[in-house]
Each structure stands twice: as C-alpha cells, then as structure tokens.
Amino acid sequence: MSRREEGFMLRIEGLSKSFYLHEAGRSIRGCSSISLTVQAGEFVGITGRSGSGKSTILRSIYRTNLPQDGSILYRSAALGLLDLMKASEREILYLRRFEIGYISQFLNVLPRTTAYDTVVQSALEAVSEGDRAYAEQETERLLRHFELPESLWELYPLTFSGGEKLRLNIAAAMIKKPRLLLLDEPTASLDNASKRKVRELIERLKQGGCTMLGIFHDLEFMEGLCDREFNMQEGFIDG
Amino acid sequence: MSASKTTAPVTDTGALQTERPILSIESLSCSFGTGCPFCAKPEHELERNVCPRCGTVHALRDVSLEVYPGEIVGIVGESGSGKSTLMRCVSFDQQASSGAVRTALVDEGASNILACSPQQKRAIRNAFFGMVYQNPWLGLRMDFSSLSNIAEQMIAAGCRNVEQMRARGLSLLEKVNIPLSRATDPPRVFSGGMQQRVQIAKALSNNPPILLLDEVTTGLDLSVQATVLDLVLALRRDLDVSMLVVSHDLGVIRMLAQRSAVMLDGRIIERGLTDQILEDPQHRYTQQLVHSLL
C-alpha cells in the first residue's frame, strides 16, 4: 500500500454553479454553496435527488463545468496544492493525464479505434516512457477481468452494448491508476455480475491508495465501500 | 503488476512549469480598408466586424493564442469570423495590420516573425510550418505529379538530392494512403479526398514541427473525412507535431483538439478545454453553436 499522505486530497469550499442560457434568458441551478473535504485514500459517496447537482460537482472538479463561486483545492503529487478553478488549462490537462480520472456512464472514446487500442492508448498516455509491452499486458488483464469477450477486442466500441461500453470506459480510466477518481454513476446500466466486477476493481484501487469521489444511485453498491456519505441536502452523514 | 508504474511520474512536472509555447500569437489584428479615427478605437461598436463610418472590415481584432509542443489547438467559428485570416497571417500569406507571432524555433521566441524579411519568412515557412488549405488548389500544383509537388517543397527547403526526395515522397504518399501506382499522376486527376491527402503529404515533406490545418475535411464525404482525421491524430501521436486546426465543424474539433477557441466577428469570444466549451458554453454564440450540434 502506498504511503498515506497527510491531510486532505480535495477540499471544496462554497462551490456554486448555475448555467445561464442566453436563448431562454434565465439560469438553471447546478449546485450551490457546496463544501466538502475528501481525505487522501478515502472513498466518499455523494447522494441526493436527481437534479440536485451531484454531477455538477464532479464536472466542476474535472473542469468540464466552470463554476461561478468557491474553490476546489486539490493536492497534486506533481504540482503541489492548487485550486482547480484557477489552474491553467495546461495544468488541468496534465492532471487529467496523470492524476485525475473521470468515469461516467457515457462512452467517450475515439471513433474507429478498437476496444483493445482504446485501453492501450489510455495506458500509454499515463506511462510517460511509453512502455507498450506493459500497456498491452495490463490491457489484456483488465479486459479479461471485466469479462469483455476476446472476440470483441478488435472491434469498434460504437457497436457494443451499454454494459460492454461502460466496462470498457472503466477499464480505460482505471488502467491509468489515477490518484483521484471521479465516478459518475459508473454502474448505472450494469447487471449484477458486472457491478461486482466494478466493485472488485474499485476495492483494489482503494487498497492501492486511490482517493475516490463517486455518485451511485445504487445504495447497496455503496455499502461497505464508502468511508463517508455526503448528502446534497444534509451534508456529511455519519456511519 | 509492477510497483514502479503505480504512481504518476513526477519527472514531467518540471517540464510543465518551464514549458513554453511552440507558437504564440499576440494581439494579432488584420483589417481590410483604410480605417478611420472611429474604428481605430477598440471601444467603438462595429457592425459585426465592419466599421459603420468607413466600411473597413476588421477581419482579426486583437487575437492572442498559444500552441504548446505536441498539442492540437482548435479554432471554431462561422464563416467570416476570421479563422482563415488568422491562419493566413500566421503562414505569411496575409499581412497582419498589427500584433506579433513568435515561435520557440526562431530566436527562442524573442523575435516577431511577422517583422522578418521576405527571405527569412520563406525559410521559416519551409522549415517549420506545414500549411494545408481548405482548397487543395491553393496548396498544390495541380498539373505537376504528386511526387513533384513534394519534391518542390523539399527543394524550397534546400534539398538537392533527387533520390532522397523520391524516397521521401513515396513514403509520405504511402503514409497518407495514396496508391504508389499513382504517385506520378498529377493531383488534377485525383478525387477531392485524395487531393487533400496529397496536400497533407506535401505539407509534411520537411517534417515541420507546426502544422496549420484550415478546414481540411470540409467538403469531403464522411468516410474520407474519417481517414483524414485519423491521419491527423496519428501525426500528433507518432511525430509529436503541434497543430492549429481551423474548422466550422464542432465534431472535428471535438475529436482533434483538447483546447479550443471560438471566434466571432474577428475576435476570440471564448476559449477553454474543448469538452468544457461543448458541455458548458458561456457565450451566447457558443451556446447557439453547441445547440445546433446536438
């Protein structure tokens, strides 16, 4: 197990985000005045009604959304302590490549790239020396772990079922071994067997010291996995 | 799994903190017309990009942009927004009214290359820039063979070895999937997609570290578009080429560029990570653009 770092990994303070739509002439609320802290190596689950802004928090951390107020302090291994809301685009891209992973239920892969190459390329991105043999070996291990049939490896993921796409997504994100992993309902469309597979990998990542912030509708799935639960309405819930 | 690979490499950070853009565009402006005291003041409102008093077209207004090594930066915007003028100013095809362009490859970025002599500009363009125009007729000599087109580019950069030019030409045409049996055919007899790929091969002749791609896939059918886009991505991945990619097609930008800028009426109105621009567009025009896509 890696050295457990002192102090928080992520500290969000007073995060507010609304979406102004010029066409409609009004704002849609994302989240408002969210404060939460995640310790290094901890798994925090976010719960709350749909539309309460759970995903907005994750997307703000990942800079896919631009919040209006607050700060998102992140302790980077390479860049030190920085506010992700103020970090440069180049810094965010660096962190996305080496430190912060994001998994959603939507497939986001390059077209005309086989399932196998999708995962290999993801691995190569994070291994700066470009160790192809290692990337291929890890890719095979992960695809086998997720029981993605070998007959699909050389096909384009666009043709995959929802569950297969999702498992591929997760494999591509996890192979980079991020320090901080953002999980936006990664098990939403999976059957129970696949959910167990995802859970096994999350547990393994956690043992490896990965810090995680995740949204799950499936409370059963979170049980025993989450260190703390953050509710959008009530804040942190003990237990 | 080996333990040494489990942590993010820390070695790269020094590079990130000291990294410098390979191409910097600083406050570039370009106008067509005489200008007048009214439109000389940036605070005065124009009608889109035209001065209401003197009719001068302000094609570029105070545009600044950086491209870092190995990066693809996208520029989107409607036609007439100044995208191509920006490319043409950078490649010296069009004279800018004011502003500077620097590259780390010339005097380590100390000089404004727009102020160089015509000879120096030609040398810079031949050695460091590869241009691909939307219209292949601008980038190719249509009646010369494809191989001669590539050779011409290499001769301009000082190459005099025929065997070397031939070998380079054949390998480039192979890279862009032109059947070698047609290497000596003039591009005039090629399809649009093939012409575009020959143009890319020509642009690559001297291994330029910077590629300027202006609407390279516009007007091509979807399968050819895909081939060209895959080729562009492979160039970035395998050769670490830095690129400035102009397109009015958000799909193209989404696929190619991690960072993008949105242009309207000669100005950059929004810039950011491409996924952020697509999912959380700020400006009214960008929202319109994104909503037209989805």
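## Two helix crossings and a sheet

H3(A) and H4(A) are oblique to each other, which follows from their crossing angle. In this predicted model, the axes of helix H3 (residues 115-126) and helix H4 (residues 132-145) of chain A cross at roughly 130 degrees and come within 9 Å. That angle sits between the 65 to 115 band for roughly perpendicular and the over 145 cut-off for roughly antiparallel, so oblique is the label that remains. The handedness of the crossing is right-handed.

Who touches whom here? From H3(A) come Tyr116(A), Val119(A), Val120(A), Ala123(A) and Leu124(A), and they meet Arg132(A), Ala135(A), Glu136(A), Glu138(A), Thr139(A), Leu142(A) and Leu143(A) of H4(A). By class, the contact has 8 nonpolar residues, 1 polar and 3 charged.

Over in chain B, helix H5 (residues 146-156) packs on helix H6 (residues 162-175) at an angle of about 120 degrees, the axes being 9 Å apart. H5(B) is therefore oblique to H6(B). H5(B) goes past H6(B) in a right-handed crossing. On the H5(B) side, the contact uses Ser146(B), Leu147(B), Ile150(B), Ala151(B) and Met154(B), while H6(B) brings Met165(B), Arg166(B), Arg168(B), Gly169(B), Leu172(B) and Leu173(B). Sorted by class, that gives 7 nonpolar, 2 polar and 2 charged residues.

Here are the make-ups of the contacts in one place:

| Helix contact | Nonpolar | Polar | Charged |
|---|---|---|---|
| H3(A) with H4(A) | 8 residues | 1 residue | 3 residues |
| H5(B) with H6(B) | 7 residues | 2 residues | 2 residues |

Now for the strands. Chain A has an open sheet of 4 strands, paired antiparallel in the order S2-S1-S4-S5. At the edges are strand S2 (26-39) and strand S5 (80-83) of chain A, each pairing on one side only. From one strand to the next, the twist averages 20 degrees. Strand S4 (residues 69-76) of chain A joins S5(A) through 4 bridges, in the antiparallel sense. Which residue of S5(A) is the bridge partner of Leu73(A)? The partner is Asp83(A).

How far should you trust all this? The predictor assigns the complex an ipTM of 0.89 and a pTM of 0.89. Chain B has a mean pLDDT of 90, with 94% of its residues at 70 or more. Its residues 1-12 are another story: pLDDT there is below 50, and the stretch has 19 contacts in the model beyond near neighbours in sequence. Predicted coordinates should not be read in detail where pLDDT is low.

Terms used: Residues numbered from 1 in each chain as written. Chains lettered and ligands numbered in written order. Predicted model: local features only at pLDDT ≥ 70, side-chain atom pairs only at ≥ 80, totals over all residues. Pairing = 2+ DSSP bridges. Axes fitted to C-alpha atoms, helices over the stretch in contact; angles between N-to-C directions. Parallel < 35°, antiparallel > 145°, perpendicular 65-115°, else oblique. Left-handed = near helix turned anticlockwise from the far one by under 90°. Contact = placed C-beta atoms within 7 Å. Nonpolar A, V, L, I, M, F, W, Y, C, P; charged D, E, K, R; others polar. pLDDT = per-residue confidence, 0-100.
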